[in-house]
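Please open the structure in a viewer and keep the selection tool at hand. The tour proceeds from the whole chain to individual residues.

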Amino acid sequence: MQPTRASYVEIDTHALAHNFQVMRALLGNEITIMAVVKANAYGVGVLEASRIFIEQGAGYLGVATYDEALELRARFEKAPILILGFTPSHMAQGLIQANITQTLFCEKQARYFSEVACQLGRKFKVHIKVDTGMSRLGFFPTQQSALVIAKIAQLKGLELEGIFTHHSNADALYKTYAHEQATRFVEFIDQLKGMGLEFKYQHMANSACALSMPSYGMNLARVGLALYGLHPSIYTQDALEKKGFSLRHVLTLKAQIVSLKDIPAGRLVGYGEDYYCMKNTRVGVLPLGYGDGFSKILGNKAWGLLHGQKVPIIGGVCMDQCFINVGDIKAQEGDEVILLGEPASGAMGAGDIAKILGIINYEAITMLTKRLPRVYLA
């Protein structure tokens, strides 16, 4: 199927499957893999990515919001789906009716969720969030919190299916803090077990932890970035490669040259005065811009790959278009330019974009908007 635009995101579905199986081999068969598909599956496209991960054996899908969960439920009737973040209490009925699992870290909300579930004659699955050092969402692993969780466990409308925490810096070279978090979590689970509370799922591993740390007896891992062929840090990449595994590149951003003109010396390119032609310049126009997640800041800093050769992005990136200096490369309208791809080919990688923008590789791919068509290579 031809894309509806002359700019699109190309997805290697075999690479997605490969990366899942790398994580399966690394984690072992006893650990359930939750494929984290929030933010449109990190820019890859949530429905197709989720289909592939389910086929590969994902036991859970992880999202951040209610709307993301409903989009998945409309396509996947039976797949377990966990909302990893906060959902307003007034969405309780929708959550329960759609059979969505919700993260829980507040006794007041737990009681409300239970009341709604009882009114519907249902059991509402929840996972308890514990804050072991991220300082974000979750109960502190204290005796007081243990007593609160014990009360929540008595609520008739709830099923406490899981308990989890989240690492702050498992991607670091020195993992002292990460191991401290893991130890706090394990000790808290043991404390709850001593009170008669046990959970089907216990999890703390994100991609960084899964790639470079022991399991600490957990039976579920939440894998996100690694499934999309990227590493949280060079240290997790080194750890994986030492074990004989490697991830494959998944996502490539492409755009066709839709206009190619010789711009005379003395003309500006784009809005403002970001680029001034000092000499006659062969300029190609590409049909994507910051409205697609290709940041304005990339102008005069980034590059594309045209016929295997680097071409600079010139001028300010517009909302819907940007410019390349074609130079002496033999090109014509319709030729394809790679704007984000496999770095080994010479293309800009997510890491390159991250360095230019002062962000991280997660953001470099998740900021690609849904108006860019996704094309899946089978």
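**The chain as a whole**

Of the contacts in the protein chain with a separation of 6 or more, 67% are accounted for by residues 24 or more positions apart. The coordinates belong to a predicted model. Display the entire protein chain as a cartoon, in which 12 helices and 17 strands make up the secondary structure. Along the principal axes, the C-alpha atoms fill a box of roughly 80 × 45 × 40 Å.

Next, switch to a surface representation. The protein chain exposes about 17000 Å², and carbon and sulfur atoms supply 51% of that area. Of the 378 residues in the chain, 54% are buried.

**The nonpolar cores**

Hide the surface and select Val37, Phe53, Leu158 and Phe294. These residues have the most contacts inside the largest nonpolar core, which has 120 residues. Then add helix 1 (residues 13-27), which contributes eight residues, the largest share of this core. Apart from this core lies another one, of eight residues; to locate it, select Val269, Val285, Cys318 and Phe323, which are among its members.

Return to Leu158 and show its surroundings. Leaving aside residues up to four places away in sequence, Leu158 touches Leu104, Ala110, Phe113, Ser114, Lys123, Phe124, Val126 and Ile152.

**A patch on the surface**

Which residues form a nonpolar patch on the surface? Select Leu173, Tyr174, Ile234 and Tyr235: together they form this patch, with about 470 Å² of accessible area. Centre the view on Tyr235, which lies in helix 10 (residues 234-242). Tyr235 counts as partly exposed because its relative accessibility is 38%, a value between the limits of 20% and 50%.

**Asn325 and its surroundings**

For the last stop, select strand 15 (residues 322-325), which contains Asn325. Is Asn325 buried or exposed? Its relative accessible area is 18%, and buried means under 20%, so Asn325 is buried.

Show the side chain of Asn325 and the backbone of Gly327. The Asn325 side chain reaches the backbone nitrogen of Gly327 at 3.0 Å. Finally, display the residues that Asn325 touches, not counting those up to four places away in sequence: Tyr275, Thr281, Arg282, Val311, Pro312 and Ile314.

Terms used: Residues numbered from 1 in each chain as written. Predicted model: local features only at pLDDT ≥ 70, side-chain atom pairs only at ≥ 80, totals over all residues. Heavy atoms only, no water. Helix = DSSP H or I, 4+ residues; strand = E, 2+ residues; numbered from the N terminus. Buried < 20%, exposed > 50% of the residue type's maximum accessible area, 1.4 Å probe, protein only. Polar contact = N/O pair within 3.5 Å; in protein donor to acceptor, adjacent residues only side chain to side chain. Contact = heavy atoms within 4.5 Å. Patch = residues over 30% accessible without salt bridge, like charges linked within 9 Å, V, L, I, M, F, W, Y side chains within 5 Å. Areas by Shrake-Rupley, 256 points an atom, 1.4 Å probe, with all protein chains shown as cover. Salt bridge = Lys/Arg side-chain N within 4 Å of Asp/Glu carboxyl O. Core = buried A, V, L, I, M, F, W, Y, C linked by side-chain atoms within 4.5 Å.
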